[in-house]
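Subject: Structure handover

Hi,

Here is the structure I said I would pass on. Have a look at it first, and then read on for what turned up.

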Amino acid sequence: MFYRIAATLSLIATTSHAEVPQVVTDIAPIHSLVTRVMQGVGEPELILPPGISPHSYAMRPSEARDLQDADLVIWMGEDLTPWLEDAIESLAGDAETLELLHLEGTHLLDSREEAVFGDHHDEEDDDHGHNHGHDHGHDTHDPHAWLDPKNAQFWLGKMAEKLSEIDPNNAELYTVNAAAATSEIDDLTEVLRKDLADLTEARFIVFHDAYQYFENAFGLKAVGALQVSDATAPSAARLADIQAEIAEHGITCVFAEPQFNPGLIAAVAVDGVKSGELDPLGANLAPGPSHYLALLQQLVQSASDCLK
């Protein structure tokens, strides 16, 4: 770790700051990864403020100007932020783009729309449980793919490559930063998996189905979701299915999300069922290079607190 830091600091001291690319990102976890890759060169802009649902948002004038000035836009893709696609085309038409969900090599999982989940497995998984060969169509895949640390590590390399193309003077630093960040994620996920090792048999309900990448990465198992998405209120029939699942299988934990109606949790978290809180975006965490690691830590801590 120390030699990586020393190498990075040495490069920072000699790096060129001329013509630093203007980079715009969509959500805080992606902003964090890009910030880490650009450390010592510049800082990307963040379009979506913390605590705001990514599925619908009206940009402020300052955010529209950021897009107009962008040399590179790095975003998850229209599956997560459909409103941003037209904005990129109209405001940042001359900018390079990196749409992470549609990169060949991104691990994608199918969306789960039922109240109580069945078993979902990729058919062409490699040794890491990653499927790199299937069609990247719209509206069929779960867009919360940043919660798979392997995706984050893959994207770090792609971010460094794209930035190096645009800004070759700083290519070495981008590469060093991406490699260091990849190692940091490896180190943290190893620790976090150990923290959750005793909870792999635990079953729980989530507010909306945003966590299956996280579940797969850390050996957890959600069995249902109150809502199909954070933009769709649950039907009475869906809530009844969740209540039946809790009663039949002795589910002891239901997770809320900070931005959404806690009354729904009260409707299903009957006596003996604990409620916790999971947040896929880390709305209460400061944006910046450490945000992504802090998000993983927060999710693991929240899961552990409710499931133990």
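R112 is buried, with a relative accessible area of 6%; the cut-off for that word is under 20%. You will find R112 in the loop that runs between strand 4 (96–99) and helix 5 (149–166). Its C-alpha sits 9.0 Å from that of A225, although R112 and A225 are 113 residues apart in sequence. Please keep in mind that this is a predicted model, so everything here is computed from it.

Now for the overall picture. The protein chain has 308 residues, and 51% of them count as buried. It is made up of ten helices and eight strands, plus what links them. Its accessible surface comes to about 13,700 Å², with 49% of that belonging to carbon and sulfur atoms. If you take the contacts between residues at least 6 apart in sequence, 66% of them join residues at least 24 apart.

A good place to start browsing is helix 2, residues 28–37. What does helix 2 look like against helix 10? The axes of helix 2 and helix 10 (residues 291–307) come within 7 Å and cross at roughly 135°, so the two helices are oblique to each other. On the helix 2 side the contact uses A28, P29, S32 and L33, and on the helix 10 side H291, Y292 and L295. Sorted by type, the residues of this contact are five nonpolar and two polar, with no charged ones.

H291, in helix 10, is worth a click. Is H291 buried or exposed? It is buried, at a relative accessible area of 1%. Leaving aside neighbours within four places in sequence, H291 is in contact with A28, P29 and S32, and also with L281, G282, L285 and A286.

Helix 2 also packs on helix 6 (residues 171–195). Here the angle is about 130° and the axes are 7 Å apart, so helix 2 and helix 6 are oblique to each other as well. From helix 2, the residues involved are L33, R36 and V37. They meet L173, Y174, N177, A178, A180, A181, E184 and I185 in helix 6. This contact divides into eight nonpolar residues, one polar and two charged. L33 takes part in the contact with helix 6 and also in the one with helix 10.

While you are on helix 6, look at T182. T182 is partly exposed, with a relative accessible area of 22%. Not counting residues up to four places away in sequence, T182 touches Q153 and L156. Its C-alpha is 9.0 Å from the C-alpha of K150, which is 32 residues away in sequence.

Next, the disulfide. How many disulfides does a search of the whole structure find? It finds one, joining C253 to C306 with an S to S distance of 2.0 Å. The link of C253 and C306 is right-handed, with 115° about the S-S bond. C253 lies in strand 7 (residues 253–256) and C306 in helix 10, so the pair ties together parts that are 53 residues apart in sequence. Both C253 and C306 are buried.

Two more residues to look up. Which residues does Q243 touch, not counting those up to four places away in sequence? They are A267 and V268. Q243 is in helix 8 (residues 236–249) and is partly exposed, with a relative accessible area of 37%. The C-alpha atoms of Q243 and V268 are separated by 5.7 Å, with their positions 25 residues apart along the chain.

The other one is T25, in strand 1 (residues 23–25). T25 is buried, with a relative accessible area of 1%. Setting aside neighbours within four places in sequence, T25 is in contact with H31, V34, P44, E45, L46, I47 and I74. H31 and V34 fall within helix 2, so T25 brings you back to the helix this tour began with.

Cheers

Conventions:
Residues are numbered from 1 along each chain as its sequence is written. This is a predicted model: local features need pLDDT of at least 70, side-chain atom pairs count only at pLDDT 80 or more; totals for chains, interfaces and linings use all residues. Side-chain values use heavy atoms; hydrogens and water are left out. Helices (H or I, at least four residues) and strands (E, at least two) are DSSP runs, numbered from the N terminus. Buried means under 20% relative accessible area, exposed over 50%, partly exposed in between (1.4 Å probe, protein chains only). Contact means heavy atoms within 4.5 Å. Accessible areas come from the Shrake-Rupley method with a 1.4 Å probe; for residues, only the protein chains shown count as cover. Axes are lines fitted to C-alpha atoms, for helices over the stretch in contact, and angles run from 0 to 180 degrees between N-to-C directions. Angles under 35 degrees count as roughly parallel, over 145 as roughly antiparallel, 65 to 115 as roughly perpendicular and the rest as oblique. Ala, Val, Leu, Ile, Met, Phe, Trp, Tyr, Cys and Pro count as nonpolar, Asp, Glu, Lys and Arg as charged, and the others, Gly among them, as polar. A disulfide is a pair of cysteine sulfur atoms within 2.5 Å.
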